[in-house]
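Colleague: I would like a close look at one part of this model and what surrounds it. Please start from a single charged pair and work outward.

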Amino acid sequence: QVQLVESGGGLVQAGGSLRVSCAASGGSFSSYAMGWFRQAPGEEREFVAVIDRWSAGTTYYADSVKGRFTISRDNAKNTVYLQMNSLKPEDTAVYYCNADRVSGATMAARLPKIASGSWGQGTQVTVSS
C-alpha cells in the first residue's frame, strides 16, 4: 500500500494561486491513478481532479474547478501536483490526495467516502475574500 504525504497548503487571497503536492512512497507510483479531493467543514468529501495511471496522463476535473486547476504528475519524483489559480473563497477546504490501482475514470466517478486505495492526511487551503 502506497503512503501519501500532502504539502503546500496555506492562506491565500481570492484571485491568487497555490500549488499543493502529494509525495508517494512504498509502491509503484506510475501504476496508480492519483486524485485530489477536498472537504470543507460540515460537507462531504468531493472530487476535484484525477490523473490517470501510467503515462497516459488523461485528466478529469470537477466542473467547479475546470479551467482554474491543473493536475499533473511526475513519475520520476513519485509526486502529483495540483496547481490552483483564480482561487475563490469557496475553494477553502482540506485537500486530500488519493492513490488507487484503478482507472482514472473510475476514480473520478466514484463516491470519495467509499473509495478504496490510500489517502494522505490532508493539507489545509484557505482562501480569504
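With which residue does aspartate 91 form a salt bridge, and how far apart are the closest N and O atoms?

Modeller: This is a predicted model, in which local features need pLDDT of at least 70 and side-chain atom pairs count only at pLDDT 80 or more, while totals for chains, interfaces and linings use all residues. Residues are numbered from 1 along each chain as its sequence is written, and side-chain values use heavy atoms, with hydrogens and water left out.

The partner of aspartate 91 is arginine 68, with 2.8 Å between the closest N and O atoms. A salt bridge here is a side-chain nitrogen of Lys or Arg within 4 Å of a carboxyl oxygen of Asp or Glu. The pair connects distant parts of the chain, 23 residues apart: aspartate 91 sits in the loop between β8 and β9, and arginine 68 in the loop between β6 (59-61) and β7. Helices (H or I, at least four residues) and strands (E, at least two) are DSSP runs, numbered from the N terminus. Both partners are buried, aspartate 91 with a relative accessible area of 1% and arginine 68 with 11%. Buried means under 20% relative accessible area, exposed over 50%, and partly exposed in between, with a 1.4 Å probe and protein chains only.

This pair belongs to a network of salt bridges that links Arg38, Glu46, Arg68 and Asp91. Within that network, arginine 38 and glutamate 46 form a salt bridge with closest N and O atoms 2.6 Å apart. Arginine 38 is buried, at 5% relative accessibility, whereas glutamate 46 is partly exposed at 35%. The model has 5 salt bridges by this rule. One of them joins lysine 66 to aspartate 63, at 3.1 Å between the closest N and O atoms; here aspartate 63 is exposed, with a relative accessible area of 68%.

From the loop that holds aspartate 91, the view moves to β9. This strand spans residues 93-100. Because 8 of its 8 residues are buried, β9 is largely enclosed by the rest of the structure. Strands of a sheet pair through backbone hydrogen bonds, either parallel or antiparallel. Two strands count as paired if DSSP finds at least two bridges between them. On that basis β9 pairs with β4 in the antiparallel sense over 7 bridges, and arginine 38 of the salt-bridge network stands opposite tyrosine 95. β9 also runs antiparallel to β11, to which 3 bridges join it; alanine 93 has valine 125 as its bridge partner there. A further antiparallel pairing, over 2 bridges, is with β10 (residues 118-119), where tryptophan 119 is the bridge partner of asparagine 98.

Tyrosine 95 deserves a separate paragraph. Leaving out residues up to four places away in sequence, its contacts (heavy atoms within 4.5 Å) include Glu6, Trp36, Arg38, Val48, Leu82, Met84 and Val125. Tyr95 is also one of the members that touch the most others in the largest nonpolar core, along with Met34, Trp36, Val80, Leu82 and Met84. That core has 36 residues; a nonpolar core is a set of buried Ala, Val, Leu, Ile, Met, Phe, Trp, Tyr and Cys residues joined through side-chain atoms within 4.5 Å. Among the elements that give two or more residues to it are β4 (33-39), β9, α1 (104-109) and β11 (123-128). The element that gives the most is β5, with 5 residues.

β9 also carries one end of a disulfide, which joins cysteine 97 to cysteine 22 with an S to S distance of 2.2 Å. The cut-off for a disulfide is a pair of cysteine sulfur atoms within 2.5 Å, and the count by this rule is 1. Since cysteine 22 lies in β3 and cysteine 97 in β9, the pair ties together parts 75 residues apart in sequence. The torsion about the S-S bond is about -85°, so the disulfide is left-handed. Cysteine 22 is buried at 0% relative accessibility, and cysteine 97 is buried, also with 0%.

The disulfide leads to an open sheet of 4 strands, in the order β1-β3-β8-β7 with antiparallel pairing. Its edge strands, β1 (3-7) and β7, each pair on one side only. β1 meets β3 in the antiparallel sense over 5 bridges, with serine 25 in β3 as the bridge partner of glutamine 3.
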